[in-house]
Amino acid sequence: MKNPFDILEQNALNFKLTPISFREIFFIAETPCDIYAQVDGLLKVILHKKAEINTQLLKELLQKKMANLFVMQDDRTLLRFAQQENLTNVTRSLSIGDPLEKARLQTNLLTLNMGYLYEDPTDDNVLNLQVQSAKNLATFLFNKPQIHEDLYKEYIRQGHHYIFAQPFLSTLFLLGVMKNSRMYIDKDIELFFLTSYFKDIGMSAIPVEKFNDKDLTDEDKNLLASHPTLSVNILKGRVPLPPNHLKIIENHHIYSTLTNQMNLSSKDDPNNIFGFETMMISVMDTVAAMTTDRPFRKAESLYKSLDLIRLLIGEQYPQEFKLIVFYFKNFFKTL
Ligand SMILES: [Fe+2]
């Protein structure tokens with residue numbers, strides 16, 4: 001620290017700046033506001049408003065270890081709007097250009113917006129954008145199963161926090177199995193995609209950093225356990241999901257423990273949707289979680305994941321279990 005003026009200035013900056021994720025400056029052509037970082041222990045503007053952003057610049061920042069970025073609190077929304085405008089544009093032009101490139105961009109922007117949604121799940125604009133974009137992605141990906149594996153690989157490589165990555169990965173698996181099973185019409189696909197993708201939105205009640213520790217406080221554990229109900233409360237009346245799909249969200253952890261399995265209604269009852277669909281969403285969630293790293297544990301093998309799934313559903317759903325095994329063995333073979 002050079003002189004008292006610096007100290008005052010730095011204190012004032014500390015007060016006015018808010019941290020942003022490094023990936024919030026990906027995908028935009030120019031900065032919508034000044035971007036700050038620590039340079040030799042001092043907070044300084046490293047990118048002025050309207051500075052061009054390209055891959056080379058991003059690499060340089062990473063090399064100089066300037067990945068911890070800040071913006072003025074008042075500018076935070078400018079950055080969010082820029083990324084959301086991106087998401088809107090990519091959603092509208094999803095079918096134009098290279099499908100894998102478009103899907104990669106779309107999934108990354110959706111994941112960024114999921115972060116914004118977690119910051120304020122009551123914001124209708126953010127939620128509507130997320131729903132509309134996810135709907136388009138559902139149809140797009142359903143018709144392009146040939147890019148699923150590559151998209152999975154690319155998406156994993158991005159290293160999103162698992163809280164934001166998990167909904168997409170489990171939903172991508174769900175889409176693949178549904179495609180394989182050939183049992184669904186287009187409208188169903190969209191609804192199940194949304195159901196699976198938004199099922200964990202209730203987790204936004206817990207700050208993301210807390211998910212880096214294995215040990216949550218009892219209060220956080222209770223909040224976490226109630227996330228299916230919180231998700232329904234957040235979504236009810238605000239998204240185009242019929243009541244039976246909200247019911248699936250409410251029950252999406254019902255297969256997580258063997259003991260709960262006995263509470264399921266008969267799968268033969270045509271009036272409830274607890275059976276196959278809830279099971280599928282729950283199982284895809286479990287496999288996606290087990291086969292990916294967490295900050296506090298390494299990924300499990302596919303074999304181990306499927307072994308657990310066999311214990312959970314093998315007896316009640318032998319045919320479906322075979323379908324799932326067939327799907328995943330093919331999927332991971334190419335990875
Ligand atoms: Fe969940």
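Q: Where does Lys65 lie, and what does that description rest on?
A: Lys65 sits in the loop between helix H2 (55-63) and strand E4 (69-72). Helices (H or I, at least four residues) and strands (E, at least two) are DSSP runs, numbered from the N terminus. A word on the ground rules: this is a predicted model, in which local features need pLDDT of at least 70, side-chain atom pairs count only at pLDDT 80 or more, and totals for chains, interfaces and linings use all residues. Residue numbers start from 1 along each chain as its sequence is written.

Q: What makes Lys65 count as exposed?
A: Neighbours are counted as other C-beta atoms within 10 Å of a residue's own, with C-beta atoms placed from the backbone: 20 or more means buried, 12 or fewer exposed, and anything in between partly exposed. Lys65 has 9 other C-beta atoms within 10 Å, so Lys65 is exposed.

Q: What is the phi of Lys65, and which other loop residue has a positive value?
A: Phi of Lys65 is near 55°, a positive value in a residue other than glycine. Phe27 has a phi near 70°, again a positive value in a residue other than glycine. For background, most residues other than glycine have a negative phi.

Q: Where is Phe27, and why is it called partly exposed?
A: Phe27 is placed in the loop between strand E1 (17-20) and strand E2 (35-39). With 16 other C-beta atoms within 10 Å, Phe27 is partly exposed because its count lies between the two cut-offs.

Q: How do you know that Ile53 is partly exposed, and what does Ile53 touch?
A: Ile53 has 17 C-beta neighbours inside 10 Å, and therefore counts as partly exposed. Ile53 belongs to the loop between strand E3 (42-47) and H2. Contact here means C-beta atoms, placed from the backbone, within 7 Å. Leaving out residues up to four places away in sequence, Ile53 touches Ile25, Ile28, Ala29, Glu30, Thr31 and Leu58. Ile53 and Phe27 are 26 residues apart in sequence, and their C-alpha atoms are 8.4 Å apart in space.

Q: Why is H7 called roughly antiparallel to H8?
A: Helix H7 (residues 162-181) packs against helix H8 (residues 186-198) at an angle of about 150°, with axes 8 Å apart. The axes are lines fitted to C-alpha atoms, for helices over the stretch in contact, and angles run from 0 to 180 degrees between N-to-C directions. Angles under 35 degrees count as roughly parallel, over 145 as roughly antiparallel, 65 to 115 as roughly perpendicular, and the rest as oblique. The angle of about 150° is therefore roughly antiparallel.

Q: Which residues make the contact of H7 with H8, and how do they divide?
A: H7 brings Pro167, Phe168, Ser170, Thr171, Leu174, Leu175 and Met178, while H8 brings Ile189, Phe192, Phe193, Ser196 and Tyr197. They divide into nine nonpolar, three polar and no charged. In this scheme Ala, Val, Leu, Ile, Met, Phe, Trp, Tyr, Cys and Pro are nonpolar, Asp, Glu, Lys and Arg charged, and the others, Gly among them, polar.

Q: What makes H4 oblique to H6?
A: The axes of helix H4 (residues 99-119) and helix H6 (residues 148-157) come within 10 Å and cross at roughly 40°. That angle falls in none of the named ranges, so H4 is oblique to H6. On the H4 side the contact uses Leu100, Ala103, Arg104 and Thr107, and on the H6 side Asp150, Leu151, Glu154 and Tyr155. Sorted by type, these are four nonpolar, one polar and three charged.

Q: How do you know that H13 and H14 are roughly antiparallel?
A: Helix H13 (302-313) and helix H14 (residues 318-333) pack at about 170°, with axes 11 Å apart. This angle is over 145 degrees, so the two helices are roughly antiparallel to each other. Their contact residues divide into nine nonpolar, no polar and two charged.

Q: What makes a set of residues a nonpolar core, and which residues have the most contacts inside the largest one?
A: A nonpolar core is a set of buried Ala, Val, Leu, Ile, Met, Phe, Trp, Tyr and Cys residues joined through C-beta atoms within 7 Å. The largest has 58 residues, and Phe173, Leu174, Phe193, Val283 and Met284 have the most contacts inside it. Apart from this core lies another, of eight residues, among them Tyr36, Leu69, Phe70 and Val71.

Methods: Two residues are in contact if their C-beta atoms, placed from the backbone, lie within 7 Å.
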